[in-house]
Amino acid sequence: SEEDMYRDEEEIEREKMLLCETNSSEYKLSVSPEMDIMEYCRREWRGNTPAAKRMRKGYEAVAQKFASIRRIRGDNYCAFRATLFQALSQATQLPRWLQSEDFTMLPENLLGKYDWIKQWQLRQKPGKRMGEISDEIKEYLILLRKKWKNISEIKGPLEKQEACDKLFKNEEEEYSLYEALKFLMLNTAIELYNADKSGRRVPVFSWLLFARDTSSNPCQLMHNHLNHIGHSGGLEQVEMFLLAYALQYTIQVYRLYKYNTDEFITLYPNDPEEDWPVVTLITEDDRHYNIPVRMCQETML
């Protein structure tokens, strides 16, 4: 194929091996068990292509800070899955925005102002009436608050990790949480759009978000992007900023294919609030995300 002209035989063979692995039970897990980060690297990047060498260098750099890696299931929710898993696994309290009394009223309040939200699409439930969708999204938001609260109250790190693993093995609950995150992103986008239109200061990424031909306003963003996340596409770069703002978390990403450039470690947003917690992800291509775990002792000290 045309794409294969730019890849050598080793890279094509590696991709075939990964496709075969998708049939293994481990890969079907939402978050696979941890393994040594350099062992994972050696298994995945055996060739001597420039790309493989760059990846190995990138993994070596990550291994200076983290001992292990956990592989994230590779569907179009993987950015949500990696970010939320990391946030919950280190949560010690309920974020302020989750404590708000109005939090679960978001679907009803937004629908009262924006009729076009009736065309929101739930996962595998296209065409449902907005009255039903509003109630379902409210349930998802309640579930998000409940799970975050329960996990944040667990003191022991081992018990907290077990609770996270259990949650991400419950497919129904897991995907419900992603629907909640998508709706929070829409709410954040509406707030940023309105702030800019009224002359208030907004982060630079907000200009970029609404500068796209496909998302010049929140309605288009919903139709052309948010409605497709998890169905036919994942999160684009500018939407990683939006996710970070919606969660009020800094998402730090090791972008391995950018090793030895200024973009190797990218922050979403790049000017985060000082009190925002930080979660760390790894990507080889800005499409699929895994998570590093077990921070090295020297780093912690």
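Let me begin with a term: two residues are in contact when heavy atoms lie within 4.5 Å of each other. The model I am presenting today is a predicted one.

With that term in hand, consider His288. Leaving aside its neighbours within four places in sequence, His288 is in contact with Ile72, Arg73, Gly74, Cys78, Ile282 and Thr283. His288 lies in the loop between strand β5, residues 278–283, and strand β6, residues 289–295. Is this residue buried or exposed, or does it fall in between? His288 has a relative accessibility of 22%, and therefore counts as partly exposed, since the buried class ends at 20%.

One of the contacts of His288 is Cys78, and I turn to that residue now. Cys78 is found in helix α5. At 4% relative accessibility, Cys78 counts as buried. Setting aside its neighbours within four places in sequence, Cys78 is in contact with Ile72, Arg73, Arg287, His288 and Tyr289.

These two residues also appear together in a database record. UniProt, in an unreviewed entry, places the feature "active site" at Asp75, Cys78 and His288. The three positions are spread over 214 residues of sequence, yet they cluster in space, with a largest C-alpha distance of 8.2 Å.

Let us now look at helix α5 as a whole. The helix covers residues 78–89, which is 12 residues. At 1.5 Å a residue it should span 16 Å, and its end C-alpha atoms are indeed 16 Å apart, so expectation and model agree. How many of its residues are buried? The count is 12 of the 12, so α5 is largely enclosed by the rest of the structure. Among these buried residues are Phe80, Arg81, Phe85 and Gln86.

Which helices pack against α5? I shall describe two, α9 and α13. Two packed helices are described by the angle between their axes and the distance between the axes.

The partner I take up now is helix α9, residues 157–167. The axes of α5 and α9 come within 9 Å and cross at roughly 150 degrees. Because angles over 145 degrees fall in that class, α5 is roughly antiparallel to α9. On the α5 side the contact is made by Phe85, Leu88 and Ser89, and on the α9 side by Lys160, Gln161, Cys164, Asp165 and Leu167. This crossing is right-handed.

The other partner is helix α13, residues 237–247. Here the packing angle is about 35 degrees, and the axes are 12 Å apart. Ala79, Phe80 and Thr83 of α5 meet Met240, Leu243 and Leu247 of α13. The crossing of α5 and α13 is right-handed.

I close with some details of the backbone. A cis peptide bond joins Tyr268 and Pro269, with omega at about -5 degrees. Pro269 is found in the loop between β4, residues 265–268, and β5.

Where does the backbone show a positive phi in a residue other than glycine? One such residue is Asn260, whose phi is near 70 degrees. Asn260 is found in the loop between β3, residues 250–255, and β4. At 68% relative accessibility, Asn260 counts as exposed.

Arg294 also has a positive phi, of about 60 degrees, although it is not a glycine. Its place is in strand β6. At 56% relative accessibility, Arg294 counts as exposed.

How values were computed. Residues numbered from 1 in each chain as written. Predicted model: local features only at pLDDT ≥ 70, side-chain atom pairs only at ≥ 80, totals over all residues. Heavy atoms only, no water. Helix = DSSP H or I, 4+ residues; strand = E, 2+ residues; numbered from the N terminus. Expected span 1.5 Å × (residues − 1). Buried < 20%, exposed > 50% of the residue type's maximum accessible area, 1.4 Å probe, protein only. UniProt positions renumbered as here; feature names shortened; annotations may be inferred. Axes fitted to C-alpha atoms, helices over the stretch in contact; angles between N-to-C directions. Parallel < 35°, antiparallel > 145°, perpendicular 65-115°, else oblique. Left-handed = near helix turned anticlockwise from the far one by under 90°.
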